[in-house]
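Work through the exercises below with the model open beside you. Try each task before reading its solution.

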Amino acid sequence: MLLIELIIPIMKNLIQTPSIKEEIILLSEETDRNYWAKRLGVSSEVLKSAVRATRSIMLNQITAYLNQQKKKSAFPDC
(Lines give C-alpha, C1' and ligand atoms only; values in the text may rest on other atoms or scores of the structure.)
Protein backbone atom coordinates (compact mmCIF):
# COMPACT_ATOMS: atom_id res chain seq x y z
CA MET A 1 0.00 0.00 0.00
CA LEU A 2 2.83 2.40 0.80
CA LEU A 3 4.34 1.93 -2.66
CA ILE A 4 1.07 2.90 -4.33
CA GLU A 5 0.83 5.99 -2.13
CA LEU A 6 4.26 7.03 -3.40
CA ILE A 7 3.65 6.26 -7.08
CA ILE A 8 0.31 8.03 -7.50
CA PRO A 9 1.63 11.55 -6.70
CA ILE A 10 4.58 10.97 -9.04
CA MET A 11 2.25 9.89 -11.85
CA LYS A 12 0.05 12.94 -11.31
CA ASN A 13 3.09 15.19 -11.62
CA LEU A 14 4.16 13.49 -14.84
CA ILE A 15 0.72 13.93 -16.35
CA GLN A 16 0.57 17.61 -15.36
CA THR A 17 4.10 18.43 -16.53
CA PRO A 18 3.97 19.88 -20.03
CA SER A 19 6.01 18.14 -22.65
CA ILE A 20 8.97 20.31 -23.56
CA LYS A 21 10.14 19.57 -27.07
CA GLU A 22 12.58 21.95 -28.65
CA GLU A 23 13.07 21.72 -32.36
CA ILE A 24 16.57 22.18 -33.68
CA ILE A 25 17.33 23.68 -37.06
CA LEU A 26 20.12 21.83 -38.81
CA LEU A 27 21.76 23.54 -41.77
CA SER A 28 24.53 21.10 -42.66
CA GLU A 29 22.57 19.36 -45.43
CA GLU A 30 20.99 21.23 -48.31
CA THR A 31 17.74 19.28 -47.94
CA ASP A 32 17.54 20.29 -44.26
CA ARG A 33 18.22 23.95 -45.12
CA ASN A 34 15.57 23.88 -47.82
CA TYR A 35 13.04 22.24 -45.49
CA TRP A 36 13.51 24.81 -42.74
CA ALA A 37 13.65 27.75 -45.13
CA LYS A 38 10.37 26.67 -46.71
CA ARG A 39 8.76 25.98 -43.34
CA LEU A 40 9.75 29.43 -42.07
CA GLY A 41 8.95 31.21 -45.32
CA VAL A 42 12.44 32.60 -45.92
CA SER A 43 15.34 31.92 -48.26
CA SER A 44 18.10 29.60 -47.16
CA GLU A 45 20.47 32.60 -47.06
CA VAL A 46 18.15 34.47 -44.70
CA LEU A 47 17.89 31.35 -42.56
CA LYS A 48 21.69 31.01 -42.37
CA SER A 49 21.97 34.70 -41.47
CA ALA A 50 19.41 34.25 -38.70
CA VAL A 51 21.36 31.33 -37.25
CA ARG A 52 24.56 33.38 -37.34
CA ALA A 53 22.88 36.44 -35.82
CA THR A 54 21.27 34.52 -32.96
CA ARG A 55 24.14 32.08 -32.51
CA SER A 56 21.46 29.48 -31.99
CA ILE A 57 19.93 26.54 -33.81
CA MET A 58 16.81 26.44 -31.65
CA LEU A 59 13.61 26.94 -33.62
CA ASN A 60 11.98 29.23 -31.07
CA GLN A 61 14.95 31.60 -31.06
CA ILE A 62 15.26 31.65 -34.84
CA THR A 63 11.55 32.34 -35.34
CA ALA A 64 11.65 35.11 -32.72
CA TYR A 65 14.57 36.71 -34.55
CA LEU A 66 12.89 36.40 -37.96
CA ASN A 67 9.66 37.89 -36.59
CA GLN A 68 11.62 40.79 -35.12
CA GLN A 69 13.33 41.38 -38.47
CA LYS A 70 9.98 41.36 -40.27
CA LYS A 71 8.64 43.97 -37.85
CA LYS A 72 11.71 46.13 -38.41
CA SER A 73 11.30 45.97 -42.19
CA ALA A 74 7.59 46.79 -41.91
CA PHE A 75 8.37 49.91 -39.84
CA PRO A 76 11.81 51.08 -40.99
CA ASP A 77 11.66 54.46 -39.20
CA CYS A 78 10.98 52.95 -35.75
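**Exercise 1.** In this predicted model, find the helix that holds R33, then decide whether R33 has a salt bridge.

*Solution.* Start with the position: R33 belongs to helix α2. Next, look for a partner of opposite charge. The nearest such side chain is E30, 4.9 Å away. A salt bridge requires a distance within 4 Å. R33 therefore has no salt bridge, although R33 is buried. Last, list the contacts, without residues up to four places away in sequence: R33 touches L26, L27, S28, L47 and K48.

**Exercise 2.** Is S56 buried or exposed, and which is the class of I57?

*Solution.* First locate them: S56 sits in the loop between α3 and α4, and I57 is in the loop between α3 and α4. Then apply the cut-offs: buried is under 20% relative accessible area, exposed is over 50%, and partly exposed lies in between. S56 has 8%, so S56 is buried. I57 has 36%, so I57 is partly exposed. Now add the surroundings. Apart from neighbours within four places in sequence, S56 contacts V51, Q61 and I62. I57 joins I24 and L26 in a nonpolar surface patch, with about 250 Å² of accessible area together.

**Exercise 3.** Which residues make up the largest nonpolar core, and which helices each supply at least two of them?

*Solution.* The core has twelve residues: I25, L27, W36, A37, L40, V42, L47, A50, V51, L59, I62 and L66. Helices α2 (30–40), α3 (44–54) and α4 (59–74) each supply at least two residues of this core. Take one member, A37: beyond its neighbours within four places in sequence, A37 is in contact with V42, S43, S44 and L47.

Notes: Residues are numbered from 1 along each chain as its sequence is written. This is a predicted model: local features need pLDDT of at least 70, side-chain atom pairs count only at pLDDT 80 or more; totals for chains, interfaces and linings use all residues. Side-chain values use heavy atoms; hydrogens and water are left out. A nonpolar core is a set of buried Ala, Val, Leu, Ile, Met, Phe, Trp, Tyr and Cys residues joined through side-chain atoms within 4.5 Å. Buried means under 20% relative accessible area, exposed over 50%, partly exposed in between (1.4 Å probe, protein chains only). Helices (H or I, at least four residues) and strands (E, at least two) are DSSP runs, numbered from the N terminus. Contact means heavy atoms within 4.5 Å. Patches are made of residues with over 30% relative accessible area and no salt bridge: like charges are joined within 9 Å, nonpolar side chains (Val, Leu, Ile, Met, Phe, Trp, Tyr) within 5 Å. Accessible areas come from the Shrake-Rupley method with a 1.4 Å probe; for residues, only the protein chains shown count as cover. Lys and Arg count as positive and Asp and Glu as negative; His and the chain ends are not counted.
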